[in-house]
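Biologist: I've got the fold open on my screen and a list of things to ask. Can you walk me through it?

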Amino acid sequence: MPTTELVSRSGEVLDIAKVRRFEASLRGVLLLPGADGYEAARRVHNAMIDKRPALIAQCAGVADIVAAVNFARENSLLVAVRGGGHNVAGLGVCDGGIVIDLSRMKGIRVDPAGASVRAEAGVTWGELDREAQVFGLGTTGGAVSTTGIAGLTLGGGLGVLMRKHGLACDNVLSINVVTADGAILTASATENVDLFWALRGGGGNFGIATTFDYRLHPVGTVLGGLVLYPFDRAKEMLAFYRELTETAPDELTAYAALLTLPDGVRVSAIFACYAGAVAVGETVLRTVREFGPPMADLIAPMPYATIQKTFDATAPSGLLNYWKSSFLQTLSMESTDAMVATYLTAPSPLTSIVVEHLGGAVGRVGEGDTAFGHRRAEYSVTAASLWRQASESEQNIAWTRRLWDAIRPRGSDAVYANYMTDDEGALRVRAAYGANHKRLVAVKNRYDPTNLFRVNQNIKPTLERDAT
Ligand SMILES: Cc1cc2nc3c(=O)[nH]c(=O)nc-3n(C[C@H](O)[C@H](O)[C@H](O)COP(=O)(O)OP(=O)(O)OC[C@H]3O[C@@H](n4cnc5c(N)ncnc54)[C@H](O)[C@@H]3O)c2cc1C
């Protein structure tokens with residue numbers, strides 16, 4: 001039973017006077033249940049998540065974050081950290097503890113001469129792209145512009161520039177972090193290098209990131225967009241997509257999807273982004289446009305910040321979400337045929353199956369070079385079930401699990417931590433960190449030995465594992 005009473009993890013009820021003293025120390029806002037803004041602040045992107053924290057500390061800066069971490073640690077509170085609030089598992093919020101909410105921290109400073117940007121942890125990708133694009137610059141970010149830079153980057157960060165420029169985490173120059181003991185550290189290639197390694201794929205396990213410095217690249221106009229094909233050619237389309245991705249240059253990132261249009265018509269689709277000279281892109285993408293005939297060809301030259309909003313309308317906040325995802329080494333005909341057959345039985349027209357193609361610059365980084373270790377995975381496939389009514393949840397969840405059973409690779413549980421739900425189990429969490437898990441435990445032991453930061457795809461420190 002969820003509780004909004006402020007109790008410590010060991011069951012001690014907290015004195016309200018102590019809470020008021022903490023509140024008075026903040027430059028930002030402390031929300032308690034019943035306060036104006038509390039209901040909106042506890043909601044996250046996925047409406048399946050209905051948690052009621054006892055406190056929400058909407059931080060205005062690093063000093064607030066330090067105060068909140070110290071307050072939470074001293075009072076043994078359950079802590080959730082919120083960036084963009086997009087996590088499908090709902091890991092930006094918790095029941096009964098404190099949410100350290102960074103969503104108001106929106107500072108962005110682009111250094112055009114140094115081709116870099118510093119952004120605070122409450123920034124979304126749309127906000128960062130907008131500022132960087134004024135200077136004709138950009139970096140790898142997520143496919144939906146309302147996603148937070150923080151959670152996405154800390155988990156790895158897939159996006160349409162990744163084959164050319166690497167994952168979002170590969171473009172991080174440094175991260176400022178508040179650790180569990182309230183210390184403020186910088187993690188970079190030269191400072192706290194073990195922490196820097198762990199923050200690039202290990203999620204929010206090691207501390208609260210306050211700012212991210214990213215390398216930027218010249219990215220002006222890209223050639224890309226969606227091409228839709230009739231669903232009855234979906235199997236051929238996926239075979240074509242396999243060939244396309246097997247020979248794609250680094251400038252081309254292409255996703256394949258099975259989806260349903262607002263008028264209820266099922267379609268298969270390729271979403272492509274060519275991040276190089278438009279004239280060359282026209283040649284590279286000719287086969288995509290000519291496979292068909294397409295029902296719609298929306299490929300056009302457009303600013304990078306515009307292509308980054310292609311999917312915004314398909315993923316509004318407030319829908320019920322349940323996802324299942326796996327990394328795949330190859331796109332076998334057996335799994336693509338299963339996708340097509342099972343998609344025909346999807347209970348919700350808002351649901352899609354999306355295949356993302358990795359490789360390129362992502363695969364040229366060593367598996368142990370960053371905590372994100374799935375460098376050899378060529379594809380990530382995700383069944384993203386979305387629906388409107390809670391009464392439809394059971395049916396949609398059962399369908400998603402059935403689909404996943406049909407397509408998941410046997411003998412490998414590898415998955416992108418950022419696409420996991422909250423019911424995957426400890427073994428799958430371990431599989432998300434793969435061969436890097438042991439080293440991540442060592443970093444966790446050093447920076448968060450009591451597991452203060454546990455509302456995430458959790459890496460348990462050794463002492464806690466011994467105790468359980
Ligand atoms: C519609 C949609 C589209 C997506 N598209 C992509 C995509 O294209 N590429 C991709 O890689 N992923 C994508 N994702 C997944 C996304 O990377 C994760 O959902 C990610 O967790 C979102 O980060 P957030 O800051 O918005 O989330 P939150 O829910 O706020 O946080 C997620 C996790 O990160 C931790 N965290 C957040 N901020 C901090 C911080 N400052 N310091 C420490 N820990 C922190 C939280 O504690 C939590 O564990 C998508 C998700 C959705 C819902």
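Biologist: Where does A414 sit, and is A414 buried or exposed?

Modeller: Keep in mind that this is a predicted model. A414 is in the loop between α13 and α14 (426-433). Being in a loop doesn't settle the matter, so look at the relative accessibility, which is 14%. The cut-off for buried is under 20%, so A414 counts as buried.

Biologist: Which residues does A414 touch, if we skip neighbours within four places in sequence?

Modeller: For a sense of scale, take A57, which is 357 residues apart from A414 along the chain, with 35 Å separating their C-alpha atoms. A57 isn't on the contact list. With neighbours within four places left aside, A414 is in contact with S326, F327, H374, R428 and A431.

Biologist: Now N321. Is N321 buried or exposed?

Modeller: N321 lies in strand β17, residues 320-328. Its relative accessible area is 3%, so N321 is buried.

Biologist: What does the side chain of N321 make polar contacts with?

Modeller: There's a backbone partner, since the side chain reaches the backbone oxygen of L319 at 3.1 Å. Leaving aside neighbours within four places, N321 is also in contact with residues including H45, V88 and W387. The side-chain partner, again at 3.1 Å, is W323.

Biologist: On to the ligand. Which residues come nearest, and how many are around the ligand?

Modeller: G83, G85, A143, L158 and Y416 come nearest. By class, the shell has 17 nonpolar, 16 polar and one charged residues. The full count around the ligand is 34 residues.

Biologist: How much of the ligand does the protein bury?

Modeller: Start with the polar atoms: an oxygen of the ligand is 2.9 Å from a polar backbone atom of V81, and a polar side-chain atom of N87 lies 3.0 Å from a ligand oxygen. A backbone N or O atom of G151 also lies 3.0 Å from an oxygen of the ligand. Taken alone the ligand exposes 950 Å², and the share the protein buries is 96%.

Biologist: Which element gives the largest share of that shell?

Modeller: β3 (79-82), α5 (149-155) and β10 (208-215) each supply at least two residues. The largest share is four residues, and they come from α5.

Biologist: Which residues of helix α12 are buried, and what do they pack against?

Modeller: In α12, residues 333-343, the buried ones are S335, T336, A338, M339, V340, T342 and Y343. A general point about helices helps here: with 3.6 residues a turn, residues three or four places apart point the same way. The buried residues of α12 pack against α8 (234-246), β13 (252-260), β14 (266-274), β18 (352-357), β19 (379-387) and α13 (393-407).

Biologist: Let's follow β13, then. How many of its residues are buried?

Modeller: L252, A254, A256, L258 and T260 point one way from β13, while T253, Y255, A257 and L259 point the other way. Residues on both sides are buried. That makes the count nine of nine.

Biologist: And how many bridges join β13 to β14?

Modeller: The two strands run antiparallel, and L258 has S268 as its bridge partner in β14. Their hairpin has five residues between the strands, and in it G264 takes a positive phi near 90°. The number of bridges joining β13 to β14 is nine.

Biologist: What about β18: how many bridges does it form with β13 and with β19?

Modeller: β18 is mostly covered, with five of its six residues buried. A256 stands opposite V355 in β18, and L258 has I353 as its bridge partner there. On the β19 side, E356 stands opposite S380. Both pairings are antiparallel, with four bridges to β13 and six to β19.

Biologist: Last one: what is phi at S76 and at N192?

Modeller: S76 is in the loop between α3 (62-74) and β3, and N192 is in the loop between β9 (184-188) and α7 (193-199). S76 counts as partly exposed at 30% relative accessibility, and N192 does too at 27%. Each has a positive phi in a residue other than glycine: near 50° for S76 and near 45° for N192.

Definitions and conventions
Residues numbered from 1 in each chain as written. Predicted model: local features only at pLDDT ≥ 70, side-chain atom pairs only at ≥ 80, totals over all residues. Heavy atoms only, no water. Near = heavy atom within 4 Å. Polar contact = N/O pair within 3.5 Å; in protein donor to acceptor, adjacent residues only side chain to side chain. Areas by Shrake-Rupley, 256 points an atom, 1.4 Å probe, with all protein chains shown as cover. Nonpolar A, V, L, I, M, F, W, Y, C, P; charged D, E, K, R; others polar. Buried < 20%, exposed > 50% of the residue type's maximum accessible area, 1.4 Å probe, protein only. Contact = heavy atoms within 4.5 Å. Pairing = 2+ DSSP bridges.
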